[in-house]
Amino acid sequence: MSSNVSAPQNTAPLNMEETLKEFQKKFKAEMEEFLSKYDENGKPRILIAGATGCGKSTVCNLVFNREITESGSGKPVTRGVKKLSIPNIPVIIYDSEGYETGARFSDRGSSAEDDGQKYCDIIMNAVRDEQIDLIWYCISAPGGRVTDVDTSLIKQFRALKKPVAAVLTQIDVATEEDCEELKKIIAQEVDGPDPDPSRKIAIFESTTDPEIKVPQGIPELHAWSFNNLMESRKDAFVISCRRGIDEKNKLAKKWIVAAATAAAGASFNPMPFSDTLIITAAQLTLYAKLLNLWNMTDFEKILGTGIAETIIPALGKTMAGNLIKMIPGAGAIIGGIINASVASTLTYGAGMALNKTCRVLLEKQLSGSVTASVVQEILSSEALASAVQEYAKNYRRKKEDGPAPEAH
Ligand SMILES: Nc1nc2c(ncn2[C@@H]2O[C@H](COP(=O)(O)OP(=O)(O)O)[C@@H](O)[C@H]2O)c(=O)[nH]1
Ligand SMILES: [Mg+2]
């Protein structure tokens, strides 16, 4: 392995416009490729249970903060349980019908108790067969009722060691007293009279009214879900949710530091775009991962155009233009030799700058202050370029000072 490797032998350099087009095409392919890597086994499997109309789909859309249930295509895995796969969102949602449609689950002439039992068996079999990771059990607050079927199912999930959260829904149309009473009943019924504090049922509240601030609400249900997922499915959950900035940032830093470290060891082999746009296949992969992580394709609606036509050219121009001048030693690339330290600094600086850009965009979107012009401003080559420079400097300084850089 060598730290000094040759730059590409460009036979016929492309002009800037052609270069960017080529860059966009590769980028799009890379983004799709990344999501397709999350196969059935890499996706978290979440069951939403509860009565029809109690707000299951709404809770799901609130936690992911995107339209999951409308855009997914579902197929029944058993009576009453539908498996939803959503394009470009690496998660599987199991949507179940409530027990009030119980007639469908029972044989003619059976008692109400048998019906309930039959319904529970169907749900439990689906949980086992489909290897469900988590259950969000929704109970309507204005409904004011916790049924035997509800508590029996929650207990059975727990007996199977499946993490289950109770979600009190539609709290804006119930009184605070009723909500407190229901929570008490759920806890009593599920935990018993003398519960082990570490095994107490987690109860969250949900509302579509943005005026109501709920201490144990949707962000908390999101955090609980993240914590209760197996390690190998956490990343896909983080990518799927348009919330959880801290988790996204942590994952991004892990990817960026790994790519920067790898860049110093591997041969730096820029893709043959042109002699001004210096980017390796590994960098391209990293950037595509970051755009997916920060759900940047969702910006297409705001921008009225694809991210391939906005974020990617902005990044391309930054990489192609002043970047070379900004990173000490990067000028040598033009001369044909790339030093390992420049390669990793470039990967780190550009990765962190793109990460920051995406994070700011998502934060602005979440606070409702994003417009096409704000997006354009954030994406301007100058803003990106100065961020790259800042992070690159930081990386060098940290490297000189000692241990692996901790990005901020
Ligand atoms: N006021 C209010 N209405 C809600 C809330 N959550 C859901 N709804 C409404 O309740 C109805 C059923 O919600 P949906 O999520 O489709 O329930 P699902 O059948 O359990 O999936 C819809 O008309 C929703 O708009 C809430 O928190 N507050
Ligand atoms: Mg629904």
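**Helix H4 and the sheet it packs on**

The buried residues of helix H4 pack against strands E2 (45-49), E3 (73-78), E4 (81-86) and E5 (89-96) and against helix H5 (148-159). The model is predicted, so local features need pLDDT of at least 70 and side-chain atom pairs count only at pLDDT 80 or more, while totals for chains, interfaces and linings use all residues. Residues are numbered from 1 along each chain as its sequence is written, and chains are lettered from A and ligands numbered from 1 in the order in which they are written. Helices (H or I, at least four residues) and strands (E, at least two) are DSSP runs, numbered from the N terminus. Contact requires C-beta atoms, placed from the backbone, within 7 Å.

In H4, the buried residues (20 or more other C-beta atoms within 10 Å of their own; exposed, 12 or fewer) are Gly116, Tyr119, Ile123, Ala126 and Val127. They fall within an arc of 105 degrees seen down the axis of H4, so they line one face of the helix; the arc is taken from the directions from the axis to the C-beta atoms. The face turned away from this buried side carries the exposed residues Glu113, Asp121, Arg128 and Asp129.

Seven strands form an open sheet of mixed pairing, in the order E3-E4-E5-E2-E6-E7-E8; strands pair if DSSP finds at least two bridges between them. E3 and E8 (202-205) stand at the edges with a single partner strand each, so one side of each lacks a neighbour in the sheet. Strands E6 (134-140) and E7 (164-169) pair in the parallel sense over six bridges, and Cys138 has Val167 in E7 as its bridge partner.

Methods. Two residues are in contact if their C-beta atoms, placed from the backbone, lie within 7 Å.
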